[in-house]
Amino acid sequence: MGIFSLMSAARATAYSDSEDSAENTELNFLAAPLMIYSVLKLVHVFSITVWIGGMIYALFFLRPSLGVLEPPQRVKLMHETLGRFFKAVLIFSTLAVLSGLWMIGRVAKETVQAGGNFTWPTAWWVMAGLGMLMYFIFMHIRFALYKRLQRAVVASDWAAGGKALEQIRVWVTVNIVIGILIMAVAYLLR
Ligand code: HEM
């Protein structure tokens, strides 16, 4: 169901007995809350674009081009690039989760305030569940696997660095697949 109609229906009920003029009601009704919701959704989708877009770039464009470098340079370049990318993902993945939960909280509050019963649409359950899974997988990549890569670079152990990069590749692939699945759910299952 379109969320704007859900929120509008909830608000229409809430404001139907209001003493405000019709004009004021109309203004309150459409402007601020829907604007906040739209901003949350923009933050959500932008964060996901950076996260998934960056993973796709690293895996399908940067990684296959590393053959032009010697193994130590490959490991060092990936260590630098991933270090920068993971810093951004730490922020944007957290924003994606928070904005997603915040949108759900807003709709739940609006619906309950209007005297309705809030139930999570199936697409939201799936998105929230798989979204949290992606988030935890990213934490594993950043705080376990990337740490291994850092240690290997400090020790100039390029074999260990290559092994850590391979493990990162596997889990980044898993997250890309889950991310695409979530996008399909967001756009097809509603
Ligand atoms: C805890 C994690 C997440 C929660 C709670 C969550 C929740 C939500 C909610 C409530 C919406 C608004 C839906 C609407 O207005 O109809 C939304 C939109 C969206 N979410 Fe998430 N989300 C999460 C993670 C993700 C992830 C990881 C992805 C992608 C990989 C994603 C992709 C999208 C997309 C593409 C939309 C826009 C759908 C549209 O344009 O209608 N979400 N999300």
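A residue counts as exposed if 12 or fewer other C-beta atoms lie within 10 Å of its own. With that cut-off in hand, let us visit this predicted model one close-up at a time.

**Figure 1. Val 39 of helix 3 and its distant partner in sequence, Met 103.** Our starting point, Val 39, lies in helix 3. Because 11 other C-beta atoms lie within 10 Å of Val 39, this residue falls in the exposed class. Follow the chain for 64 residues from Val 39 and you arrive at Met 103. In space, the C-alpha atoms of Val 39 and Met 103 are separated by 9.9 Å.

**Figure 2. The chain as a whole, for orientation.** Before going further in, it helps to step back. The secondary structure comes to 6 helices and 0 strands, and reading along the sequence gives the pattern α-α-α-α-α-α. Of the 190 residues in the chain, 18% are buried. Among contacts with a separation of 6 or more, 81% join residues 24 or more positions apart.

**Figure 3. The largest nonpolar core.** This core has 19 residues. Those with the most contacts inside it are Trp 51, Ile 141, Leu 145, Leu 149, Ala 164, Leu 165 and Ile 168. At least two core residues come from each of helix 3 (32–62), helix 4 (71–113), helix 5 (122–154) and helix 6 (158–188). Which helix gives the most to this core? That is helix 5, with 7 residues. As background, nonpolar side chains in soluble globular proteins tend to be buried together.

**Figure 4. Around Ile 141, a residue of that core.** Setting aside residues up to four places away in sequence, Ile 141 touches Tyr 146, Ile 168, Trp 171 and Val 172. Another residue to look for in this view is Gln 167, which has its place in helix 6. The C-alpha atoms of Gln 167 and Ile 141 are separated by 8.5 Å, with their positions 26 residues apart along the chain. Is Gln 167 buried, exposed or partly exposed? Its count is 16 other C-beta atoms within 10 Å, so Gln 167 is partly exposed.

**Figure 5. Met 134 of helix 5 and its contacts.** Here the view moves to Met 134, found in helix 5. With 24 other C-beta atoms within 10 Å, Met 134 is buried. Leaving out neighbours within four places in sequence, Met 134 is in contact with Asn 175, Ile 178 and Gly 179. Val 177 is 43 residues from Met 134 in sequence, and their C-alpha atoms are 9.8 Å apart.

**Figure 6. Helix 3 packed with helix 4.** Two packed helices are described by the angle between their axes and the distance between the axes. For helix 3 and helix 4, the angle is about 150 degrees and the axes are 8 Å apart. The two helices are therefore roughly antiparallel to each other, and their crossing is left-handed. By class, their contact has 16 nonpolar, 7 polar and 2 charged residues.

**Figure 7. Helix 3 meeting helix 6.** The axes of these two helices come within 10 Å and cross at roughly 135 degrees, so helix 3 is oblique to helix 6. Helix 3 passes helix 6 in a left-handed crossing. On the helix 3 side, look for Ile 52, Met 55, Ile 56, Ala 58 and Leu 59. They meet Arg 169, Val 172, Thr 173, Asn 175, Ile 176 and Gly 179 in helix 6. Sorted by class, the residues of this contact are 7 nonpolar, 3 polar and 1 charged.

**Figure 8. Helix 4 meeting helix 6.** How does helix 4 lie with respect to helix 6, and what is the crossing angle? Their axes come within 10 Å and cross at roughly 50 degrees, which means that helix 4 is oblique to helix 6. The crossing of helix 4 past helix 6 is left-handed. Pro 71, Pro 72, Val 75 and Met 78 in helix 4 meet Trp 158, Gly 161, Gly 162 and Leu 165 in helix 6. This contact has 6 nonpolar, 2 polar and no charged residues.

**Figure 9. Ser 156 in the loop between helix 5 and helix 6.** Most residues other than glycine have a negative phi. Ser 156 is not a glycine, yet it has a positive phi of about 50 degrees. Because Ser 156 has 11 C-beta neighbours inside 10 Å, it counts as exposed.

Note on methods. Residues numbered from 1 in each chain as written. Predicted model: local features only at pLDDT ≥ 70, side-chain atom pairs only at ≥ 80, totals over all residues. Core = buried A, V, L, I, M, F, W, Y, C linked by C-beta atoms within 7 Å. Buried ≥ 20, exposed ≤ 12 C-beta atoms within 10 Å, placed from the backbone. Helix = DSSP H or I, 4+ residues; strand = E, 2+ residues; numbered from the N terminus. Contact = placed C-beta atoms within 7 Å. Axes fitted to C-alpha atoms, helices over the stretch in contact; angles between N-to-C directions. Parallel < 35°, antiparallel > 145°, perpendicular 65-115°, else oblique. Left-handed = near helix turned anticlockwise from the far one by under 90°. Nonpolar A, V, L, I, M, F, W, Y, C, P; charged D, E, K, R; others polar.
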